[in-house]
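Got your viewer open? Let's take a short walk and pick things out one at a time.

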Number of protein chains: 2
Amino acid sequence: MVRTRNRPTLKDVAKLSNCSIAVVSTVVNNAKGNTLVSDEMRQRVNQAAQHLGYRAHFASRTLKEKCSRTLGVYFPPVPWAGAGYGYEGAMIRGVEKACREFNYDLLLVNMAGDNDAQSCMDKFAESRIDGLVLMNVDDQHDWLPRLLDISSNVVAVDYSGRVDQLHAMLFDNRAAVRQAVEHLAALGHRRIGFISSCKARVHQDTFERKLAFIDTVKQMGLDDDDQLIFDTRFLGRVIEPDEECCMVEGQQAADHFLSLGDQRPTAILAYNDLSAVACMHRMMAQGVRVPNDICIMGIDDAELCQRVYPTLTSISHPLPEMGYAAASFLIKRSAPELRKTSQGNQVVRQIFAPTLIPRQSTAALR
Amino acid sequence: MVRTRNRPTLKDVAKLSNCSIAVVSTVVNNAKGNTLVSDEMRQRVNQAAQHLGYRAHFASRTLKEKCSRTLGVYFPPVPWAGAGYGYEGAMIRGVEKACREFNYDLLLVNMAGDNDAQSCMDKFAESRIDGLVLMNVDDQHDWLPRLLDISSNVVAVDYSGRVDQLHAMLFDNRAAVRQAVEHLAALGHRRIGFISSCKARVHQDTFERKLAFIDTVKQMGLDDDDQLIFDTRFLGRVIEPDEECCMVEGQQAADHFLSLGDQRPTAILAYNDLSAVACMHRMMAQGVRVPNDICIMGIDDAELCQRVYPTLTSISHPLPEMGYAAASFLIKRSAPELRKTSQGNQVVRQIFAPTLIPRQSTAALR
DNA sequence: TTGAAAGCGCTAACAT
DNA sequence: ATGTTAGCGCTTTCAA
């Protein structure tokens, strides 16, 4: 039925080149066994291997080497996540780049499934992966300590929770917010609105952005008014995870800010791009012009920012770089040929800087 | 340095439960070895296994079973592809669903790398994967026959090329175009423009959509005018793969159609959503109102359609279902426990129907 | 009802 | 310079 060509083994290559499998292994797979093989033999073996199309059997090698040369990537099973969305995908591309460079493979762990804790731990318990990149986990994932108990070769991207044994690649959320506010202030805005999340379960990063906004506004002496911060107080409820949450947040925030009349902000910063876009479109639908009547910007610089009209000013979140750093870190600690090089035992927390990406949705205050 | 808990093996469980590894294997891994094990023994073994947190070693089992219970997913390394973009991600989610149901794993093969042919073939040659889902491949991928020569457990999603031994999950492009045109005609439009691709290397599906448009317009007796079909003739050049191609196509098409004056179409169908969105925004920037002055729609129903303003009418391309079908197909042919069930040897070509998703960008002709 | 042992394909220590 | 062999962890046949 299913035909998969019978793959040649060391034995086949050995037979064809009239030598032992040890020699073949040494020559073909760069094994450390028989270091001294004559050039003539090397050539014969290589030819035979090439002719048969030999490739080392993955499972066999893994079994022997105690290393699968595979990394896993995990996202929490929330409806708006998964590799189909720009955010996660951008990070995966970075992870994949590192994997390619070091000849590692990439396993998608439980992309949208249930029982996430077990899946992650099982991959290690079964020796299916040598390391794991966690994306978008927070302290609600109470199994993180248990996971780390099974393997320390785990790194989170964007984790700002309380498990301090967890290696992490972090985005400087405070700096991002500050950059955004400074951009708007430089354009002359002093009355700036902020859209915070109204989700039932707020991600730590989201919360940090809100706090950073409050602090920055105070520090810079901008208008400091409770009404300028849209959150559950104004929504009057909490948004369940199955809703199109960012859309709802942005739309409701637009209505709230417009309802302020002459108290309304002249510029709005949203905690992420999707809610900024939703807010912008709702305002446009009400006849408000962006950026002429009001300016709007987001954070993260999702692909979406370039696709909407007007294009959305944002703060870039270097996800490919963060993914690359995360994967390289795991590989350097797990690859047999690199293990010695690896650093000490301290927890790694690398912080990535934001960059302002100015686009059409922000302009000087008239 | 890297600590990964020493995983228990069959031997450990056997020692703890005072029996042989054969019995443990039978009990714990549902192996077919010692079918007759006393209930008392079963319980003892299960307890021991649970206590030690035993899980079968993946590579060891793969080596013995000659089956890795892993599928690969491959995308061509074009700049606009990769799991970061909605199109591929939607399909992966379907693939992942099937994998979860059958306890398979999912490997990302060369997401954005070079040497794609070799990567795909190597994964089979190394027995790393049991099956492969190819996305967006066409006849320019001249290594498809070589790949099929290594393994027949390959299925393409959206392949309309000449390699007829390749199993494929297909989108009914002709029906999609027809549905789109019928939708516009039903709204009273008789003068419909079409945006075709100007890429240097046109995907077969894209080409089919153009042909289908020409046919449909003729069949339905709508305005049949060469100027209404935007393609390289009007762009005057070909778009290289590294350009933001769909954006360029959409924007140039907008300029072309607007330049037609009173000959301009009252509605436009684009071969995909991104070029439709680009066209729409360019027109809006020129003061043209959508849908009041002109209607626009796309094909594929990317997530983007819901995010832009006005929201974009489109034709849905059931990628999750196609991915699910592709993966199930591969699994049913490779899983040892299902192999007998699988169908005959004929090539499978399953066709998926389009669905109209009406949104704000199309409305009745004034 | 249970145990012993061969063997999957590979690496590396050791023997020749 | 090359060959022999043990063993990685598992499944399964066969013997007890």
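Which part of the atoms of DNA strand C within 4 Å of the protein belongs to sugar or phosphate, and which to bases? Sugar or phosphate accounts for 61%, and bases for the rest. Before moving on: this is a predicted model, where local features need pLDDT of at least 70, side-chain atom pairs count only at pLDDT 80 or more, and totals for chains, interfaces and linings use all residues. Residues are numbered from 1 along each chain as written, chains are lettered from A and ligands numbered from 1 in the order written, and side-chain values use heavy atoms, leaving out hydrogens and water.

Now select the 31 residues around DNA strand C, meaning those with a heavy atom within 4 Å of it. Ser25(A), Tyr54(A), Ser60(A), Ser20(B) and Leu36(B) come nearest.

Next, click on Arg7(A): a polar side-chain atom there sits 3.2 Å from a phosphate oxygen of strand C. For Asn29(A), the distance from a side-chain N or O atom to a phosphate oxygen is 3.1 Å, and Arg61(A) also has a side-chain N or O atom 3.1 Å from a phosphate oxygen. These are polar contacts (N or O pairs within 3.5 Å; within protein, one atom must be able to donate a hydrogen and the other to accept it, and residues adjacent in sequence count only if both atoms are side-chain atoms).

Finally, colour α4(A), which gives the most to this surface, with four residues. Helices here are DSSP runs (H or I, at least four residues; strands are E, at least two), numbered from the N terminus.
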